[in-house]
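Reader: Before I accept the terms used to describe this structure, I should like to see how each one is justified. Could the reasoning be set out term by term?

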Amino acid sequence: MLRILGSARRFCDGASRRDFLQIGAFGAGLTLADMLRGGTAQAAAKKQPSRSRKSAIMIYLPGGPSHMDMYDLKPDAPVEFRGEFKAIDTNVPGVQICEHMPLQAKMWDKLACVRSLVSVDEHSDTLVMTGYPDRVNRIAEHPSFGSVVSKLRGEDAGAVPPFVSLRGMSRGTEPGYLGIAHRPFTPGGQGNSNLRLANGVTLDRLEDRKGLLGAFDDTRREIDATGSMAGMDAYTEKAMEMVTAGVVRDALDLKKEDPKVVERYKGVESFLTARRLVEAGVGCVTLSIGGWDTHGQNFTTLKRQLPQVDKGIANLIQDLHDRGMAEDVVTVMWGEFGRTPKVNMNAGRDHWSPVMSAMIAGGGLKMGQAVGASTAKGERPKDRPYSVPQLLSTIYRAMGIDPSQTFNNGAGRPMYILDEREPVKELLG
Amino acid sequence: MKRLLLTLAALSALSAPARAAEAGLSAYPPKLALKGVEDCPQIVVTETRADGRAFDLSGSATYTVSDAKVARVDATGRVFPLANGTTEITITANGRTVKVPLTAEKMDAPQPLNYPNQVSPIFTKLSCSSGGCHGKIAGQNGFRLSLLGFDPAFDYENLLKETRGRRVFPAAPERSLLLTKAAGIVPHGGGKKMDPDGEEFKIVRRWIASGMPYGNPTDPTVSKITVFPENRVVDRKGRQQLAVYAHYSDGTVEDVTRRAQYESNDTDIASVSESGVVNTQNVTGQAGVMARFNGFVTVFRATVPRGGDAAAFDFKPNTVVDTHTANKWKELNIAPSALASDEVFMRRAYLDLTGTLPDVKDVLAFAESKDAAKREKLIDQLLDTPEYAYFFANKWADILRVKRRNQPDRAYGTFAFHTWIREAVAADKPYDEFVRDILCAIGDESKSPPTVWYKEVRTPENFVDDVSQVFLGQRMACANCHHHPYEKWSQDDYWGMAAFFGRVGFKPVVTPGRAQQNQQNQRQALFVKSTGNVQNKRTNKTADPKPLDADPMLTGTDEDPRAKFADWMTSPKNPFFAKTVANRYWAHFFGRGIVDPIDDMRVTNPPSNPELLDALAKNLVDNKFSLKELIRTICKSRTYQLSAEPTELNKNDKQSFARYYPKRLQAEVLFDAVAKLTDSPTAFPGLPTDKFAPNRAIMLPDESFASYFLDVTGRPQRISACECERVNDASLAMTLHLLNSQEVQDKIARASGRADRLAKDPRPDAEKVTELFVLATGQKPSAEKLKLALEHIAKHEKTKKTAYENIVWALLNTKGFLFNQ
């Protein structure tokens, strides 16, 4: 797994400074200029060991979903704790989940959850997306998971953006010190409309223009020692291809999907879009669904939302299996924290960061289990407490990315992708 | 203690390069006095040829010891004493011979060991204490060493006392966990680091066996390290053996070549091995090779000249710049490119000084002018434009982090600070005063705009990081938590600087009738408290205010500590201050610093042309810190006028400025250039829209003006004080945006925009196309391109606007437009 570092050495300090520089050329410090200095991009790609082409789908449930009403039911707790919902058996003996998620229950051998995650009390996606709480990241500017994927895929990403956010920009999707080049591609934003021919331009006209550009643009790229000119030429080719072939545009266009399939995803189409995007080669897709800040009417709200989420997850994971992509795509679903184990006077639950749950699937991780447990009334981890960055670390590893890899921030300081990076061992199998 | 006894006289004699000018073979050190079996120094053998060039033959010479019982020498030139006695080493290479007398003593009894001097460096050299392993804050599997062994006392405690002392076992030293792990005898996550027969193993074993001494308080400590040679011209694919010496507080000197760590700052030019052998590659240029031992660093500078015949060139200096660049080219055996044409020079100067594309009529008039001094006059003229002030204010606003964070209540402050900077640039406020006013800013931000700097510099740590990076070219952030790995700076240096911030206080300025809000977003006043301090994170004690390499500065309760700090910083004697801004401005015009990266002026990251940097710094001091004068010196030089076209004699040059290095237009400049080329300016929301309002991206006062164009072309968000945050690399999103965005297409196709007006213009097409080319690229089209453009217009005779749009589109996407060259 650590081979993405360009070296078969697994030891903590095996890399000398010189190795590091070589690693840098294919990993950390990758710029197109580096690759072009070392020959063509293709030649550089050949020199390195096979790079992971795994993808991640990160589903964010904004507001903080109630752990006690989804993956960590407590049927034996007093009624003011256990709430209205019943637990049902899954197809894995010993694991029970909420009655309103029957589709997942039938396929738990393909899913897993962690029930002993410790979070922080912040209404922000920063922790689950970057591995650092918002209060730290306002200063430290650690990058989003997807931005790291974008950085590592670099120029090798082909004619698809490496990081796509189906939920716009947020604190947690920012690339921080990796630089704005690694912001997510946000369909609906300007980046997306650039994939369609601009109004007033036809394909013929674009060809016409391309001809002129070819004739006018005779500056020799060799005069530029930084490789930036050569990079621009390579990008012009690629950009033209993106506009004319439209792989990403097609992936985002659900009209290109079988109507029967679209029907299966009715109401949760973003799950389908995410699947189509990873099929097209996107490295990280993030989406969100529902509002989970259920200070009041928790059960009414969840009764409406849980079946939707259930439908999205079940279809997505089944589709990935049917396409033989389950091992190559890791999916995670979580929010910013859990909710108070004791139901409040408004039939709601409030913020509760001492413990929360996350659902995780695929990526070659060990499925069909529920990792860790909370205490009898769902108040805090009973055993195997894990932090949010630890689960992120597990996802990085599943992607073939070593979370102890460093990138330099603006002050020249090498920053680890994650400071806290012991993985969730049970998931590694 | 083992010591290689070199007399100081011998040392100074050999470090003088004049001595090397005599042709012949020499050895360094010239004689050896070895104490103890572990004293195994390196000999550096140098052949000096008739032309004065020196060549390293340490690896190919033959070494013979007259008395083989006293010592032996291995093939690399390393000497191993064997028994007490006196003998002589005869070194033969290329038919020449040199002799090194040698005495060896104290061979019978082992010398006493000292943990910081002899044992700790082993863990550093074998990277046990590296940041990826036991040196990290959390240690590795429960065992922690200080990063790179900078705190040996801490490491000693951990080794001896943690985990119930099982790491060292004096009764059976070789069964100590420390050794069995390091030698891979028991499983070790870090693998096998020591060979049980190797020197390191033996020293650690002997140290354990002798009861793990830390050393006496009176034992000498390292006071500096030196390298031999300090710099040398090495051919391509050449080799240079280094020797590194630790100088101790008692005046003794010890060879630590095999115990020091090495690192090259440019492995394309030179790499370095663990035993201090520098190997140059096949690239012309210069590299710095760092050696590190016990918290001290030094650097060897390798200059790799172009091979082949001497490159002759004639280069009449215009300013002091040219003397030093030409000297460097001679040293590297390269030659400068020809001078750029008037058209190219004009576009270059306009873009570099004002961030603006020149008007067509100005380009043509400039090219036609017969005035011999027209280039110099152009520079003077551009320095007086408002665009110059806006463009450089934008540059300073980046690193001074003029940042609104999308908070409307902060706009007052950011606008005021930006205006203050711009007015200072326009009036050529002396740089020392400019910096002093920011550092010592005090009062209400409505009256004292530089206090807005302190809205992003809120803590002592922010203060040290930003001050050192922006004004001193030092990246101090490392020393917040540990000794700087590539500099001499310790945590005490860091917290000494932080202490100057200790009495800075903030309070909100209340607006009547408005509820108190988040203080950082509200208007604020900065005041100096009569007490207050900063705690040194290492000692947990109050840090005394102390600038770098200077004595502590204590201040009375009625004084502002920052004022003394500003005195120190802006003094002409300050070794960092003038050089940092000179280098920053040089990089602005030449696309690369003399020290690169520009804010990383470490000892171990030497300038590519030290004399040039010194001359620029002196120029600045001599001219009372006038930045306009600095720009004149840089831009009126002949070096700045060179063409970007490489020649056979400089095609690999990327750091000695033998030609102009093309630069992609930065985000704001490109945005404005697109607006000018298409004649479709953009109004930014939130700014006035009358005809006098600033409508150019270089004029934006802060970062919070949303623009996808500016984002994809690399505008920084001002999250750091590093110019590196601005991205001028190519990117796919940027190319897509220029090629195919509605934004750019709408600008091109705007009714009464450039294409529309040209289509309707009755002048001949050839004239109009020529004008477009001059506007976009600064140059007239070749006959071939003109013909092609005219054919294109003919093809679209009925829809001429379409044809002109296509031509504008194509020009806008050429490298001739996107780059300043």
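**Helix α26 of chain B and its surroundings**

Author: In this predicted model, helix α26 of chain B covers residues 783-795, has 13 residues and reaches 18 Å from its first C-alpha to its last, close to the 18 Å expected at 1.5 Å a residue.

Reader: What makes B:Leu788, B:Ala789, B:His792 and B:Ile793 buried?

Author: A residue is buried if 20 or more other C-beta atoms lie within 10 Å of its own. B:Leu788, B:Ala789, B:His792 and B:Ile793 of α26(B) are classed as buried, so each of them meets that cut-off.

Reader: Why are these buried residues placed on the same side of α26(B)?

Author: They cover an arc of only 140° around the axis, which puts them on the same side of α26(B). On the other side of α26(B), B:Ala783, B:Glu784, B:Glu791 and B:Ala794 are exposed; the cut-off for that class is 12 or fewer C-beta atoms within 10 Å.

Reader: Which helices do the buried residues of α26(B) pack against?

Author: The partners are α10 (203-216) of chain A, together with α25 (765-777) and α27 (800-812) of chain B.

Reader: How do you know that β20(B) and β22(B) pair?

Author: Two strands pair if DSSP finds at least two bridges between them. β20(B) and strand β22 (residues 524-528) of chain B pair in the antiparallel sense over two bridges, so the criterion is satisfied. For B:Gly443, the bridge partner in β22(B) is B:Leu526.

Reader: What is the order of the three strands in the open sheet?

Author: The order is β20-β22-β21 (chain B), with antiparallel pairing. β20 (443-444) and β21 (504-508) of chain B are the edge strands, as each pairs on one side only.

Reader: How many helices and strands are there in chain B, and why is chain B called as compact as a globular protein of its length?

Author: Chain B contains 28 helices and 24 strands. The radius of gyration of chain B is 32 Å, close to the 28 Å that the globule rule gives for 821 residues, so chain B is as compact as a globular protein of that length. Along its principal axes, the C-alpha trace of chain B spans about 100 × 75 × 55 Å. Of the 821 residues of chain B, 51% count as buried.

Reader: Which domains does the assignment give for chain B?

Author: The domain assignment gives domain 1 (8-105), domain 2 (115-209), domain 3 (222-304), domain 4 (430-549) and domain 5 (751-820). Between domain 1 and domain 4 of chain B, the C-alpha centres lie 53 Å apart.

Conventions
Residues numbered from 1 in each chain as written. Chains lettered and ligands numbered in written order. Predicted model: local features only at pLDDT ≥ 70, side-chain atom pairs only at ≥ 80, totals over all residues. Helix = DSSP H or I, 4+ residues; strand = E, 2+ residues; numbered from the N terminus. Expected span 1.5 Å × (residues − 1). Arc of directions from axis to C-beta. Contact = placed C-beta atoms within 7 Å. Domains from an automatic or database assignment. Rg over C-alpha atoms; globule rule 2.2 N^0.38 Å.
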